[in-house]
Amino acid sequence: MASFNAEVNLNAGFQILNENVRLGAESNDGSPIWTFPGDTPTNRILSTDQSLRVEAKWTTQGPLATLMGNCKYVCRVFLEQMGQDEASPGTYSTVVNHIPVVGPQNYSAIIVIPRGLSEGVYRMVFSLNMLGASGNPIPVAGFADLGFLQVFNN
């Protein structure tokens, strides 16, 4: 797992720790020639028939974390296709509710990039932003460059 950069502008009252993001398992190929038990490669090469999971985990703590009810983390994966074409839709996301508790709280988010991407090479970036109860941004953000992904046609 790679660590993602996180910045919190809420003094020491709110902290994000243990932040990491990784590519999860690819789904089974739609037309495999043969398969073996445990085949879930994550070699950054997918066929157009496969989906891919991106998994992020982080921990929060601090006195402000106990007061931030109804806040949400918006997690996104952005895909940018190299060359003249662009990824469509290009952004995949999920929302995780903040849990206001005393002490450290662990979070995880899973974003699935569905099968059917056009063949090509894509750059992938993960981002995390926090929204307050009213939906306005809170100064908590993070990102990770997940590198490149190649999609080929079977």
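This passage describes the salt bridges of a predicted model and the surroundings of one buried threonine.

The structure is a predicted model, in which local features need pLDDT of at least 70 and side-chain atom pairs count only at pLDDT 80 or more, while totals for chains, interfaces and linings use all residues. Residues are numbered from 1 along each chain as its sequence is written, and side-chain values use heavy atoms, with hydrogens and water left out.

A salt bridge was taken to be a side-chain nitrogen of Lys or Arg within 4 Å of a carboxyl oxygen of Asp or Glu, and by this rule the model holds 3 salt bridges. In one of them E55 pairs with R22, with the closest N and O atoms 2.9 Å apart. This pair joins distant parts of the chain, since E55 belongs to strand 4 (residues 52–61) and R22 to strand 2 (residues 15–26), the two residues being 33 residues apart; strands here are DSSP runs of E with at least two residues, numbered from the N terminus. The side chain of E55 also meets that of R53 in a salt bridge, at 3.0 Å from N to O. R22, R53 and E55 are thus linked in a network of salt bridges.

The members of this network can also be described by their accessibility, where buried means under 20% relative accessible area, exposed means over 50%, and partly exposed lies in between (1.4 Å probe, protein chains only). E55 has a relative accessible area of 10% and is buried, whereas R22 is partly exposed at 33% and R53 is partly exposed at 32%.

A further salt bridge is formed by the side chains of D145 and R123, with a distance of 2.3 Å from N to O. D145 lies in strand 9 (residues 137–152) and R123 in strand 8 (residues 120–131), so this pair ties together parts that are 22 residues apart in sequence. D145 is partly exposed, with a relative accessible area of 39%, and R123 is likewise partly exposed, with a value of 31%.

Attention turns finally to T60, a residue of strand 4. T60 counts as buried, at 1% relative accessibility. When residues up to four places away in sequence are not counted, T60 is in contact (heavy atoms within 4.5 Å) with F14, Q15, I16, Y73, H98, G103, P104, Q105 and Y107.

Key:
Helices (H or I, at least four residues) and strands (E, at least two) are DSSP runs, numbered from the N terminus.
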